[in-house]
Structure formats: structure tokens, C-alpha cells
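Me: Please go through the labels used for this model and say what stands behind each one.

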Amino acid sequence: MNVDAAIHDIMNRTLAGVSDDLSRLICLASTRDYNTGRYHHEGLASHFTEEVAESALETCHRKLFEQLTLNSLEDLVRQLESYITSTTAPPMMVVEAWEKLQPYRVTIPLECDSLSVEVFFSNIKCALAILRSRRARNLQGLQSA
Amino acid sequence: MNHLLIFLFVGLLFMVLLLLWALKINRTASRNGEHGDLSVEEFERPSLVLADRIFSSQDWDFVRREASYELQREFQRERKRVALLWLKQTRREAARLMKFHRRTIRHNIDVNPSVEIRLAVNYLSFLFLCSVLQVLIRVRGPFRTRRIVGRAFGVANELWSVSERLISGLNASGDRGAPS
């Protein structure tokens with residue numbers, strides 16, 4: 001029951017200001033310790049308990065990931081573009097860093113189906129390539145104008 | 001006297017061998033019991049929503065609208081790889097399910113031959129469709145195989161349902177037959 005309340009809290013308060021699923025996924029993955037795979041959120045842990053907060057974060061992370069895996073590529077491209085814009089760094093720089101360093105690999109939950117992971121990685125790779133080609137097209141348009 | 005000793009020795013040896021054999025059977029039975037705790041639900045049913053996503057022509061239409069020819073080819077390659085992975089995983093789960101099914105029914109006398117034959121035919125059809133699908137994905141790409149994916153999925157679903165019904169039926173009859 002407490003876990004449900006914590007999940008409700010995460011979705012309606014912690015992530016309320018985050019615009020789309022991809023940004024929410026990145027946000028939730030950042031509450032996880034890379035070395036141990038355990039989640040921690042100070043505010044949630046003090047409001048509920050450490051265990052409840054961890055369990056709720058893990059559940060939200062998994063559900064968001066499953067949801068995002070089933071999104072269309074077009075929607076993923078839109079979300080990725082919105083996320084890249086929100087970083088305030090030059091968009092092409094972010095696209096290049098994502099292609100080379102593949103930081104999206106750390107956004108997957110620990111407990112998930114290996115095929116969903118493959119679909120997600122593959123879609124992100126394609127979305128990045130599409131964004132890169134869009135930027136290149138826009139740049140060409142600007143130069144020729 | 002000597003003959004008596006030899007008889008006693010042979011008798012004793014025979015009893016030790018019988019004891020060892022009984023112990024071995026007991027160990028095997030308890031191992032089988034561990035497997036018996038598994039249920040069909042533990043075998044992952046193929047996910048239709050994920051298959052829909054992988055073989056979706058909606059994504060392909062978007063890429064064709066949006067991307068260059070090279071990017072389209074790259075996308076086709078990626079989707080082909082993922083589609084083949086889906087096929088491999090689905091086939092592997094079905095093979096695991098059938099293996100589990102064989103192990104479960106091996107010592108059961110309540111087996112219904114007609115249902116077993118139906119299950120076997122179902123599995124063979126599934127394997128056949130998978131092989132056809134594999135060739136089609138390689139040759140035509142994943143986006144023009146949706147109909148056959150639907151059929152393979154339907155057969156796989158039927159396979160799971162029949163096996164589920166069979167094993168739960170066998171378990172129920174096993175429970176009824178078990179001494180209280």
C-alpha cells in the first residue's frame with residue numbers, strides 16, 4: 001500500500017514537471033547508484049521509508065521503460081529532440097556524444113526483458129541518426145538561403 | 001557351512017545393491033518433484049505488443065518520409081536484426097515449453113493421445129512458420145511479414161494455451177490420485 005502511495009508521489013510530484021517519458025526515464029535512472037543498481041531519493045525516503053522509496057522508484061522505472069519501448073519511432077524522435085533541446089548544450093554536440101558514449105545504455109532497468117532492451121537501443125540509435133540528418137538538412141537549408 | 005556363508009554374503013550384497021538402487025530412484029524422484037513445481041506460466045509467452053512494434057510498418061513509413069536512402073537501409077538492417085532476435089527468443093521459449101511438457105507427461109498415465117497429437121501438430125506448424133518467417137525476414141525485410149507473424153503468434157499462443165490446460169489437468173488428476 002505504501003509503495004502505491006510512493007509511486008503516486010513519484011508520478012504526480014517528483015516527475016510532474018518532466019515533460020515526456022524519455023526525460024522521466026533518464027530522471028529515474030539518475031536516482032540509481034551505478035555500482036550497486038540501488039535507487040535512492042532523499043525526499044521520498046524521508047517521506048516514506050528507504051525500502052518503500054527504492055521499491056517505488058524501481059517499479060516506476062520499469063513501467064516507464066516498458067511504455068517507452070512500445071512507443072512509435074516518430075514519438076521517440078520527438079521526445080529525444082525535446083530532451084536534447086532541454087539540455088541547453090549545442091544539439092549536434094549532444095547527438096554526437098550520445099552516439100559515441102551511448103549514455104542511454106545506463107537508463108535501462110535491472111529487471112527487464114532482453115528483447116525490449118534490444119528494441120530500445122535500436123530505436124534510440126535510429127532516432128539519433130534521424131535527428132542528425134534533420135540537423136544537417138536544416139543547416140544546408142540555412143546555408144543555401 | 002561354507003555354502004551357507006556364501007549364500008548369506010550374496011544375499012547381503014543383493015540387499016545392499018537394492019538399497020542403493022532405491023536411494024537413487026528416491027533422489028531422481030525428488031529432482032523431478034523440483035521440476036514439477038514449475039508451471040507453464042513461468043515460460044514467457046511471446047509478447048504481441050512487442051512484436052507489433054518490431055514489425056510495425058508505421059515506423060517504416062516514418063523513416064521513409066524522414067530519412068535518406070542510406071538511413072532507410074540502416075533502419076531496415078537494424079529492424080531485421082531485432083526481428084530475427086524476436087523469432088529466436090520465441091522459438092527458444094516454445095522449445096523450452098515443449099521440453100517441460102514432455103518431462104511432465106513422461107510418467108503420467110492420464111495422457112490424452114488426441115490432445116497430445118494436437119499439441120505436437122501445433123508445435124510442428126509453429127516450427128514450420130518460424131522457418132518460413134526467418135527466410136521472409138531475410139529476403140523481404142520485417143515490414144512485409146506481418147501477416148505471417150500474426151499467424152505464427154496465433155499458433156504459439158494456441159501452443160501455450162493447450163499446454164497450460166493439459167498440464168493443469170494432469171496436475172489436478174495427480175493431486176486427486178496422491179495419498180492424503
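Me: How many residues does the contact between chain A and chain B take from each chain, and what makes two residues count as in contact?

Reply: Chain A gives 14 residues and chain B gives 19. Two residues are in contact if their C-beta atoms, placed from the backbone, lie within 7 Å. This is a predicted model, in which local features need pLDDT of at least 70 and side-chain atom pairs count only at pLDDT 80 or more, while totals for chains, interfaces and linings use all residues. Residues are numbered from 1 along each chain as its sequence is written, and chains are lettered from A and ligands numbered from 1 in the order in which they are written.

Me: Which elements give two or more residues to the side of chain A that touches chain B?

Reply: They are H5 and helix H7 (114–144) of chain A, and H7(A) gives the most, with 10 residues. Helices here are DSSP runs (H or I, at least four residues; strands are E, at least two), numbered from the N terminus. By class, that side of chain A has seven nonpolar, four polar and three charged residues. Ala, Val, Leu, Ile, Met, Phe, Trp, Tyr, Cys and Pro count as nonpolar, Asp, Glu, Lys and Arg as charged, and the others, Gly among them, as polar.

Me: Why is H2(A) called oblique to H5(A)?

Reply: Helix H2 (residues 21–29) and helix H5 (residues 73–86) of chain A pack at an angle of about 60°, with axes 8 Å apart. That angle makes H2(A) oblique to H5(A). Angles under 35 degrees count as roughly parallel, over 145 as roughly antiparallel, 65 to 115 as roughly perpendicular and the rest as oblique. Axes are lines fitted to C-alpha atoms, for helices over the stretch in contact, and angles run from 0 to 180 degrees between N-to-C directions.

Me: Which residues of the two helices meet?

Reply: A:Asp21, A:Leu22, A:Ser23 and A:Ile26 in H2(A) meet A:Gln79, A:Leu80, A:Tyr83 and A:Ser86 in H5(A).

Me: Why does A:His8 count as exposed?

Reply: A:His8 has 12 C-beta neighbours inside 10 Å, and therefore counts as exposed. A residue is buried if 20 or more other C-beta atoms lie within 10 Å of its own, exposed if 12 or fewer, and partly exposed in between, with C-beta atoms placed from the backbone. A:His8 is in helix H1 (residues 2–14) of chain A.

Me: What span is expected for H7(A), and what does the helix reach?

Reply: The expected span is 1.5 Å times one less than the number of residues. H7(A) has 31 residues and reaches 45 Å from its first C-alpha to its last, close to the 45 Å expected.
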